Each structure stands twice: as C-alpha cells, then as structure tokens.
Amino acid sequence: MGKMTGFMEYDRVDGPVVSEEDRILNFLEFHSLLSPEEQQEQASRCMDCGVPYCQAGTMIAGMASGCPLHNLVPDLNDLVYHGCYEQAYKRLSITHSFPEFTSRVCPALCEAACTCGLNDAPVTTKENEKTVIEYAYEHGLVEEKIPQERTGKKVAVVGSGPSGLAAAQMLNRRGHLVTVYERSDRVGGLLRYGIPNMKLDKSVIDRRIKLMEAAGIEFKTSVNVCGNKKINTRFADKVTYISAEELCAEYDAVVLACGASNPRDIKAPGRETEGIYFAVDFLGKVTKSLLESDLEITNELRELVEDKDVIVIGGGDTGNDCVGTSIRLGCKSVTQLEMMPKAPDTRLDSNPWPEWPRVCKTDYGQEEAIYKFGSDPRIYQTTVKEFISETVKDEKGKDIKKLKEVVIQSLEPKKDENTGRMMMVPVEGSEKTVPAGLVLIAAGFLGSESYVTEAFGVEVDGRTNVKTAPGHYQASDKIFTAGDMHRGQSLVVWAISEGRNAALEVDRYLMGY
C-alpha cells in the first residue's frame, strides 16, 4: 500500500465544482480535478484492506457491491499516490475499456464498498480514475492498437452504446473485422443522446471513437437494422435500412447491443395531449440541437421549455437530468414526482456495509433547483392521475390539445393479498391540480424494442430482455447480446462489463478457443 496512515491523516476532499449560479447558464461540464499533488494525497487514504470489496463486483442482497469490471482499485490508488500515472493507466487498462466515461457518469460502486467508508468518507477512487485517464490522454498514452494479424472473421455490432463499443474494442483487438451499426446520426448510443452534455461532454466520446476508427473499427451511422421503413429512428434525419437476414448473411457473428430503449409510459387520461415527452426523447432532442449549434441554446429549445412549469415523472438519474436540463433552458418551475417513499438520509441497520447504501441522494439537478427555486423539486409517493389540456390553434389554424395542468395523486404502500408484495396504491381524495406546460416521463424502461428481437428471432424473458443461458451471451446461432438489452436497464459500468464478456464468448465461437 501507499501511506500506511494516510486514511487517518487526511480527510476526503473532492475536486472543485462550478457553483449552481454559474453552471446553470450553460451545458458545460462543471466538475474539475484536484492538482496532481492533492490527488496523490487523496489516493494515499486507500487502506489496502484485507478484503477489497471495492473491486469485488459481487451481488449482495440483490445489489452490486464494488466494481463490476473488477478494476484493481488498491493497486491503482497506490500508483496514483506515488505519482506513477503512466503505470496507473496501464494497470487500469487491463480491466477497463473506457475510464473516461465511468469517471464522469458512474455512481461509484467502488466507493460505496470502500472499507474506509465504513467509519469515514470513502477514498476518491472515481476522481483518481479520472485523473489517470485524463493524464493518459494529455500525454498521448491512450491508443487502440492495430492487430498485427487479422483472422478474416467479420463481426457486426448493432448499437454503439457502452456495451457495443466495449464489445467492438475487444473483438477488434483479437483481430476480427468489426463493423458497428448505429441508428442515430452519431456514435455513442446512451452516452451520446441519453446523458446530458454537462455530465459527459460529447468531445470525450469523439476522441475515443477517433482512436477506434484508426485501429480499424468501422462505424456506420443512421442505419436501422430492421428492414422496415416504418420504424421510427430517433436522432437521425436520413436513415438507411438493413434487414437482420442481410446482416447474418454478411457477418460471421452479430452482437445485439441495442439497449433497454423501450420507455415505460404513463397511461393516464389525456396522455395524447401535446407537451408530453419521454425523457430520452427530450434529452436527445436537446443534445442534438446543442451539437448542431456548437452548444448554443437555440430559440427552438427555449420555446420548448422557457417560462413553462415542468413536471418530471420519475426520481432516478434520468429524472434528475431532466431537472438540470429544464433549468438551463429557462423553465418557470420544475417538480419531480417520485412514486416511492423518500429513502433514509443515513444507512439503516438492515442495510449494512458493504451493501449498496439505500440512502437519499441529492444530485446536481436537485441542487440547482434548490438554488433556483428555493426548495427540493422532489415530491415523494406521488403520481399523475390525469393530464388536462386546453384547445388552441396552431400556426396553420388547426385545433390542437395543449397541456395546461396535471392532476397528481398521493400513493401509499399496501401489501397485495395475493402475492404478498408491497404495492404503491392511490390515496382516495388526495388529488391536487397543478399547472404544467411540459411533462417529461422518466419512469424507466421496459426492456428491448420488439422490432429488433423479432427481426433476429431471439427469445426474450418476462422483462423482454434477450434470453441466454445464465452467465452467457449467446442468444442463438451467430447471435449474441450484451448490455441493457441483455440484463435490463442498468449502469454504464455494467454495460461495459457485459460488452467485454460478450466479446470473449464471440471470440471462442469464432475461433474455437
């Protein structure tokens, strides 16, 4: 280990964060790093404990404890402490494909399982990781090596999110010829159009893609693998269509990494009213506009949100992103509805370390709402009962139903007599009507999109995730799957882990070893 008494000598210190007052004026990243010397001091807090749960990536009580990629965290922290950043990058690269992504958007499963965090603040492993990868880029250490020999085997990866990119990277390194198909106009999938620019600047994606292209990976954007021109393609103006049969005929293996991109809807009266969007469509629309305007906020975006009362349905990360995005676009107010009760502020005895801490987290969007409007935007145990519209005329004089208000209703937990499960049920007489000019549905996802799974003829489970044998990634002959499409809606770090593991199985399938 590094400094044996570091965890006793130094308090945890995070990198500088731009104030809410300044950061809501733009869509720039707002987390900075400490100086190398300060980061080394933070890394010295690592205890090199006997059982490093930080790198275990195991399931405890149904939740992940530690890094699913099994990054060698104590080793990495020790190298950072000694200022050996090149060696730290090499060590990190053994297990990790894209540290630049997770060091920005991961909820830090490693830190939640840190032994130092049992009685004190955990080690700043996430920021240590970011320091290492940014040092590596700055000093030209990051590269995607071109294989000396090619196998002649061709692999198609459908989807360019984190799992698809990880699978493509590993298969290319093994010498296979890899082509990645993306239905949007730019590479990145969830990373590009599901995560706002202030959390993950899109230039971070672009610099990695440039390296992967130089190493021989081919990316084909605005291509929808379905062979059906009636299928809507998000975030692409002109789309080419290709069938599953064509893909299977041309390639020796196909990896489906299309994500759990089927959003959960809110089936309340008035749902057809104009002014109600799925969160992923809203966030993607904003990102696409910003990319095309060099991060300038266009009049179109302002008209979408400015001076409107925004209701966000969903209390997760995506809901929080909607809150932060709406504030940057000048909303009049923002309210975030959460179906479940508020989590405790500190761990309960029933949720001991090293389990994932089920505690209330106030994220950047909520912080900005508190600054801007003076209160936390979240209302717990609440849902929408009805969307209320008013009839107005559009630019062509046609009558349209425009969102005016929503009726919200309180929920309470009750045990289902048949299943014994706790359910959130409406409280009679708790209805309240509130103004709403824009509603964003961030209620999670229901799994893979049926047009893809049907096109490839793969079996799905009860949650519409692509079905494979436990611990495996092959769905049928030639067809493999990875990421959210395989395990359901999850984290970027899990998607990368799935992509790497799927690539290993594809390689064995192609080569026999």
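Two strands count as paired when DSSP finds at least two bridges between them. The model used in these exercises is a predicted one.

**Exercise 1. Strand β17 and its partners**

Task: Establish which strands pair with β17, and in which sense they run.

Solution. Begin with strand β10, residues 309-313, which is joined to β17 by four bridges and runs parallel to β17; since the cut-off is at least two bridges, this counts as a pair. Within that pairing, Val312 has Leu440 of β17 as its bridge partner. Turn next to strand β9, residues 276-278, where three bridges lead to β17, again in the parallel sense. Here the bridge partner of Tyr277 in β17 is Leu440.

Now consider the side chains of β17 itself, bearing in mind that in a regular strand the side chains alternate between the two faces of the sheet. In strand β17, residues 438-441, Leu438 and Leu440 point one way while Val439 and Ile441 point the other way, and all of these residues are buried.

**Exercise 2. The six-stranded sheet and a helix upon it**

Task: Work out the strand order of the open sheet with six strands, and find which strands form its edges.

Solution. Reading across the sheet, the order is β5-β4-β3-β8-β19-β18, with mixed pairing. The edges are β5 (218-220) and β18 (474-476), each of which pairs on one side only. On average, and with direction ignored, neighbouring strands of this sheet are turned by 25 degrees against each other.

For one pairing inside the sheet, take β3 (residues 154-158) and β4 (residues 177-181), which are connected in the parallel sense over five bridges; among the residues involved, Lys154 has Leu177 in β4 as its bridge partner. Helix α9, residues 162-173, packs on this sheet and touches β3, β4, β5 and β8 (253-256), and the direction of α9 makes about 165 degrees with that of β4.

**Exercise 3. Two sides of helix α5**

Task: Decide which residues of helix α5 are buried, and explain why they can be assigned to one side of the helix.

Solution. The buried residues of α5 (residues 85-95) are Tyr85, Ala88, Tyr89, Leu92 and Thr95. These residues cover an arc of only 120 degrees around the axis, and therefore they lie on the same side of α5. The general background is that an α-helix has 3.6 residues a turn, so residues three or four places apart point the same way. On the other side of α5, Lys90 and Ile94 are exposed. As a last step, ask what the buried side meets: the buried residues of α5 pack against α3 (36-43), α4 (73-81), α6 (99-105), α8 (125-138) and α19 (492-511).

**Exercise 4. Aromatic pairs**

Task: Classify the ring pairs Phe30 with Tyr364 and Tyr53 with Trp353, and state whether each residue is buried or partly exposed.

Solution. A search of the whole structure finds seven aromatic pairs. In the pair formed by Phe30 and Tyr364, the centres are 5.6 Å apart and the planes stand at 45 degrees, and the pair is tilted. Phe30 belongs to the loop between α2 (20-23) and α3, whereas Tyr364 belongs to helix α16 (residues 364-373), so that the pair links distant parts of the chain, 334 residues apart. Because buried means under 20% relative accessible area, Phe30 at 3% is buried, and Tyr364 at 5% is buried as well.

The rings of Tyr53 and Trp353 have centres 5.4 Å apart and planes at 80 degrees, and this pair is therefore edge-to-face. Tyr53 is placed in the loop between α3 and β1 (58-60) and Trp353 in the loop between β11 (333-338) and α16, so the pair ties together parts 300 residues apart in sequence. Tyr53, at 27% relative accessibility, is partly exposed, and Trp353, at 21%, is also partly exposed.

**Exercise 5. Charges over rings**

Task: Identify the ring over which Arg207 lies, and the ring over which the charged end of Arg271 sits.

Solution. Arg207 lies over the face of Tyr137, at 3.6 Å from the ring centre. For Arg271, the charged end sits over the ring of Phe278, at 5.3 Å from its centre.

Key
Residues are numbered from 1 along each chain as its sequence is written. This is a predicted model: local features need pLDDT of at least 70, side-chain atom pairs count only at pLDDT 80 or more; totals for chains, interfaces and linings use all residues. Side-chain values use heavy atoms; hydrogens and water are left out. Helices (H or I, at least four residues) and strands (E, at least two) are DSSP runs, numbered from the N terminus. Axes are lines fitted to C-alpha atoms, for helices over the stretch in contact, and angles run from 0 to 180 degrees between N-to-C directions. Contact means heavy atoms within 4.5 Å. Buried means under 20% relative accessible area, exposed over 50%, partly exposed in between (1.4 Å probe, protein chains only). The arc is that of the directions from the helix axis to the C-beta atoms. Rings of Phe, Tyr and Trp (its six-membered ring) pair if their centres lie within 6.5 Å; planes under 30 degrees apart count as stacked, over 60 as edge-to-face and the rest as tilted. A charge sits over a ring if NZ of Lys or CZ of Arg is within 6 Å of the ring centre and within 35 degrees of the ring normal.
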